[in-house]
Amino acid sequence: KEASTIGNIRIVDDAFIFGPVEPRILDVVIFIAFGAFLSVVTAIIRGIYFTPISNPAELPDSLIQIPIFGVIPKIEGDEKNAVDDEKFLQSIESFIVNIRASFDSSAVTPGVCKTILITSATPENGKSFISMNLAKKMSNLGNKVLLIDLDWKRGNQHKSFGLEKISQSDFHNLDKESFEKFKVEKNFYCIPKLSRLSSSF
């Protein structure tokens with residue numbers, strides 16, 4: 001009013017202060033409580049559904065009641081370097097011990113072939129790598145091992161052992177003589193994936 005040069009300015013009413021516009025204490029408390037609740041819910045969901053299992057003792061907590069023969073550590077980097085990894089080798093050896101103990105205690109007719117199936121629901125889980133190393137180790141222990149590559153779409157076991165893919169006719173006509181060309185080393189044979197499969201197979 002004093003700084004104005006216009007003569008007809010006057011104060012109509014005094015200023016009325018209702019309260020601070022922002023931040024309002026109640027709003028702050030509500031947002032903090034909501035953020036804490038959301039964080040807790042997110043942590044619980046992540047812990048139940050998205051946290052990987054790092055210890056075999058956690059398997060019963062995940063409602064997995066099937067027998068566990070072994071736990072293979074995740075291989076970081078090139079799989080070729082895993083053959084020199086002490087932890088990986090120990091896990092394979094422990095796996096073999098448990099498998100042999102299970103075979104010895106099970107009601108299997110002596111002399112009958114014992115079969116191990118390695119599979120998973122998704123690709124790139126290490127099925128080929130684990131089965132190859134498991135077969136090699138078991139054959140080195142004096143067991144006669146036949147590794148059959150049943151991955152008919154992406155099977156590559158033949159590349160690891162320098163073998164050629166087998167045709168359907170050769171597969172059906174396998175005998176003792178033709179079987180020898182699939183010998184990898186002593187006590188160890190590998191039948192590679194079949195080529196040119198038909199729907200009638």
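**View 1. The whole chain, element by element.** Starting at the N terminus, the elements of the protein chain follow the order α-α-α-β-α-β-α-α-β-β-β. That gives six helices and five strands in the protein chain. Please keep in mind that this is a predicted model. The chain has 201 residues, and buried residues make up 18% of them. About 16300 Å² of the protein chain is exposed, and carbon and sulfur atoms supply 57% of that area. Among contacts in the protein chain with a separation of 6 or more, 60% are between residues 24 or more positions apart.

**View 2. A nonpolar patch on the surface.** Let's begin the close-ups on the outside. Which residues form a nonpolar patch on the surface? They are Phe-37, Val-40, Val-41, Ile-44, Ile-45, Ile-48, Tyr-49 and Phe-50, and together they have about 870 Å² of accessible area. One of these residues, Val-41, belongs to helix α1, which covers residues 25–49. Val-41 counts as partly exposed because its relative accessibility is 31%.

**View 3. The largest nonpolar core.** Now we go inside. The largest nonpolar core has 18 residues, and those touching the most other members are Phe-88, Leu-134, Leu-147, Phe-161 and Phe-188. Helices α2 (86–105) and α3 (127–140), together with strands β1 and β4, are the elements that give two or more residues to this core. Take a closer look at Leu-134: leaving aside neighbours within four places in sequence, Leu-134 is in contact with Phe-95, Ile-96, Ile-99 and Ile-118.

**View 4. Glu-93 and Lys-137, apart in sequence.** Find Glu-93 in helix α2. How many residues apart in sequence are Glu-93 and Lys-137? The answer is 44, while in space they are 7.8 Å apart, C-alpha to C-alpha. Glu-93 has a relative accessible area of 42%, so this residue is partly exposed.

**View 5. Strand β1 beside strand β4.** Strand β1 spans residues 145–148 and pairs with β4 in the parallel sense, over four bridges. You can trace two of the partnerships by eye: Val-145 has Phe-188 as its bridge partner in β4, and Leu-146 has Tyr-189. In a regular strand, side chains alternate between the two faces of the sheet. Which residues of β1 point to one face and are buried? Val-145 and Leu-147 do, while Leu-146 and Ile-148 point to the other face and are not buried.

**View 6. Strand β4, covered on both faces.** Strand β4 runs over residues 188–191, and both of its faces are covered. Phe-188 and Cys-190 are buried on one side, and Tyr-189 and Ile-191 are buried on the other. Phe-188 also appears among the members of the largest nonpolar core that touch the most others.

**View 7. The hairpin of β3 and β4.** Here strand β3 (residues 183–185) runs antiparallel to β4, and two bridges join them. Lys-183 stands opposite Tyr-189 in β4. The two strands form a hairpin with two residues between them. In the loop between β3 and β4 you will find Asn-187, whose phi is near 70°. Most residues other than glycine have a negative phi. Asn-187, a residue other than glycine, has a positive value. Is Asn-187 buried or exposed? Asn-187 counts as buried because its relative accessibility is 19%, and the cut-off for buried is under 20%.

**View 8. Ser-139, a buried residue of helix α3.** Ser-139 sits in helix α3. With 4% relative accessibility, Ser-139 counts as buried. Which residues is Ser-139 in contact with, leaving aside its neighbours within four places in sequence? They are Val-145, Glu-185, Lys-186, Asn-187 and Phe-188. You have met some of these already: Asn-187 is found in the loop between β3 and β4, and Phe-188 is the bridge partner of Val-145.

**View 9. Asp-149 in the loop between β1 and α4.** Our last stop is Asp-149, which lies in the loop between β1 and α4 (157–161). Asp-149 has a relative accessible area of 5%, so Asp-149 is buried. Leaving aside its neighbours within four places in sequence, Asp-149 is in contact with Gly-155, Asn-156, Gln-157, Ile-191, Pro-192 and Lys-193. Ile-191, one of these contacts, is also a buried residue of β4.

Note on methods:
Residues numbered from 1 in each chain as written. Predicted model: local features only at pLDDT ≥ 70, side-chain atom pairs only at ≥ 80, totals over all residues. Heavy atoms only, no water. Patch = residues over 30% accessible without salt bridge, like charges linked within 9 Å, V, L, I, M, F, W, Y side chains within 5 Å. Areas by Shrake-Rupley, 256 points an atom, 1.4 Å probe, with all protein chains shown as cover. Salt bridge = Lys/Arg side-chain N within 4 Å of Asp/Glu carboxyl O. Buried < 20%, exposed > 50% of the residue type's maximum accessible area, 1.4 Å probe, protein only. Pairing = 2+ DSSP bridges. Core = buried A, V, L, I, M, F, W, Y, C linked by side-chain atoms within 4.5 Å. Contact = heavy atoms within 4.5 Å.
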